[in-house]
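Trainee: I want to know how each label here is earned. Can we go through them one by one?

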Amino acid sequence: MTQPTLALARPKIVLRDYQLEAISVLRQQIRQGDRRQVLCMGTGSGKTVLAAWMTEQAASRGKCVVFLVDRLALVDQTSKVFAEAGIGHGIIQGKSTRGVDEPVRIASAQTLEKRRMELDADLVIVDECHDQRKRILRLLADHDGVAVGLSATPFSAGMGQHWDTVVQVTTTEELVGRGWLVPLRVYAGREPDMTGARTSAGEWLAGEVERRGRVVIGDVLETWEKRTHQHFGGPVKTLAFSATVSHGADICEQFQEAGHDFRQISWLDRDMDNRRKLIE
């Protein structure tokens with residue numbers, strides 16, 4: 001079956017059918033009075049591309065747009081997507097004030113907090129909106145334009161107090177079934193014993209995961225070596241997510257001792273050029 005698409009002359013963004021459906025539902029909800037909506041789509045489903053399309057559409061009508069991110073890497077990533085789509089934009093991050101008068105701006109949430117800046121925009125797009133930064137929530141409360149939050153996991157307690165509705169037009173399982181996402185093959189080393197682990201807001205505390213997870217790093221290393229040889233003939237580039245920075249350091253150390261070049265990226269990084277090189 002031919003997939004319906006919508007192409008723009010500039011930039012050349014082609015939306016998939018489920019992305020077009022999401023746009024349609026968002027517009028319908030706005031007409032019904034829901035001006036703060038969360039768009040729930042799985043990782044890899046193209047939320048940033050969809051946001052770029054919305055941004056271009058708004059900017060072409062003379063509207064101002066602010067795209068909010070909460071991590072430095074996402075500033076770079078979003079800027080790259082916008083640049084490839086031909087969308088001129090400014091960046092508000094750290095000491096950078098490049099293009100702050102541009103109608104389209106990509107802004108770090110931390111920088112807005114530190115500078116106590118207001119959201120001077122007709123459309124605000126909040127990436128990873130489930131993080132619920134207090135400063136951002138205050139800015140949204142005073143914002144009378146349209147806001148769209150992006151999240152694969154909009155499950156944080158209290159989100160209903162700040163957002164009008166959640167729009168979800170597809171699931172990760174459906175996208176895998178249709179070939180848009182790669183199917184998962186899951187392996188596990190020895191699972192950590194989480195019996196009696198303390199929780200907060202339904203999640204295990206990071207310290208509990210760190211302490212118990214350290215016990216099984218050796219099993220993870222052994223499983224990783226076995227499966228990468230099985231599927232790829234040897235070690236391949238891998239992303240590992242740790243419970244804490246200290247836990248990540250332990251993972252790197254054990255993998256390095258086994259002869260694998262593992263490096264850590266964390267919020268403690270100070271050398272931003274080196275961080276960018278590692279990400280690339």
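Trainee: Why is Gln264 called partly exposed?

Mentor: Its relative accessibility is 27%. Buried means under 20% relative accessible area and exposed means over 50%, with a 1.4 Å probe and protein chains only; partly exposed is in between. The value for Gln264 falls in that middle band, so Gln264 counts as partly exposed.

Trainee: What should I know about the model itself?

Mentor: It is predicted, so local features need pLDDT of at least 70 and side-chain atom pairs pLDDT 80 or more, while totals for chains, interfaces and linings use all residues. Residues are numbered from 1 along each chain as its sequence is written, and side-chain values use heavy atoms, without hydrogens and water.

Trainee: Where is Gln264, and what is it in contact with?

Mentor: Gln264 sits in the loop between α9 and α10. Helices (H or I, at least four residues) and strands (E, at least two) are DSSP runs, numbered from the N terminus. Beyond its neighbours within four places in sequence, Gln264 contacts Ser242, Thr244, Val245, Gly248, Ala249, Cys252, Asp269 and Leu278. Contact means heavy atoms within 4.5 Å. From Gln264 to Leu278 is 14 residues in sequence and 8.6 Å between C-alpha atoms.

Trainee: What makes Val236 partly exposed?

Mentor: Its relative accessibility is 31%. That is neither under the buried limit nor over the exposed one, so the middle label applies to Val236. Val236 is in the loop between α8 (217–232) and α9 (245–257). Trwo contacts are listed beyond four places in sequence: Trp224 and Thr228.

Trainee: How do you know that α8 and α9 are oblique, parallel or perpendicular?

Mentor: Their axes cross at roughly 50° and come within 10 Å. Axes are lines fitted to C-alpha atoms, for helices over the stretch in contact, and angles run from 0 to 180 degrees between N-to-C directions. Under 35 degrees is roughly parallel, over 145 roughly antiparallel, 65 to 115 roughly perpendicular, and the rest oblique. The α8 and α9 angle lands in the rest, so the pair is oblique.

Trainee: What hand does the crossing of α8 and α9 have?

Mentor: It is right-handed. The near helix is turned clockwise from the far one by less than a right angle; anticlockwise would be left-handed.

Trainee: Which residues meet there, and of what class?

Mentor: From α8 come Ile217, Gly218, Val220, Leu221 and Trp224. From α9 come His247, Asp250, Ile251, Gln254 and Phe255. The contact has six nonpolar, three polar and one charged residues. Ala, Val, Leu, Ile, Met, Phe, Trp, Tyr, Cys and Pro count as nonpolar, Asp, Glu, Lys and Arg as charged, and the others, Gly among them, as polar.

Trainee: Why is α3 called oblique to α10?

Mentor: Helix α3 (residues 72–84) and helix α10 (residues 272–279) pack at about 60°, with axes 11 Å apart. That angle lies outside the parallel, perpendicular and antiparallel ranges, so α3 is oblique to α10. Their crossing is right-handed. Leu72, Ala73 and Asp76 of α3 meet Met272, Arg275, Arg276 and Ile279 of α10. By class, that contact has four nonpolar, no polar and three charged residues.

Trainee: What makes a set of residues a nonpolar core?

Mentor: The members are buried Ala, Val, Leu, Ile, Met, Phe, Trp, Tyr and Cys residues, joined through side-chain atoms within 4.5 Å. The largest core here has 34 residues, and Leu39, Met54, Phe67 and Ile125 touch the most other members. Its largest share, six residues, comes from α2.

Trainee: What does Phe67 touch?

Mentor: Leaving out residues up to four places away in sequence, Phe67 touches Ala51, Thr78, Phe82, Arg105, Ile106, Ala107, Ile125, Asp127 and Leu150.

Trainee: Is Gln132 buried or exposed, and how do you know?

Mentor: Buried: its relative accessible area is 19%, under the cut-off. Gln132 lies in the loop between β7 and α5. Its phi is near 55°, a positive value in a residue other than glycine. Most residues other than glycine have a negative phi.

Trainee: What about Glu128?

Mentor: Glu128 is in the loop between β7 (123–127) and α5 (134–142). Its phi is also positive, about 50°, and it is not a glycine. At 23% relative accessible area, Glu128 is partly exposed.
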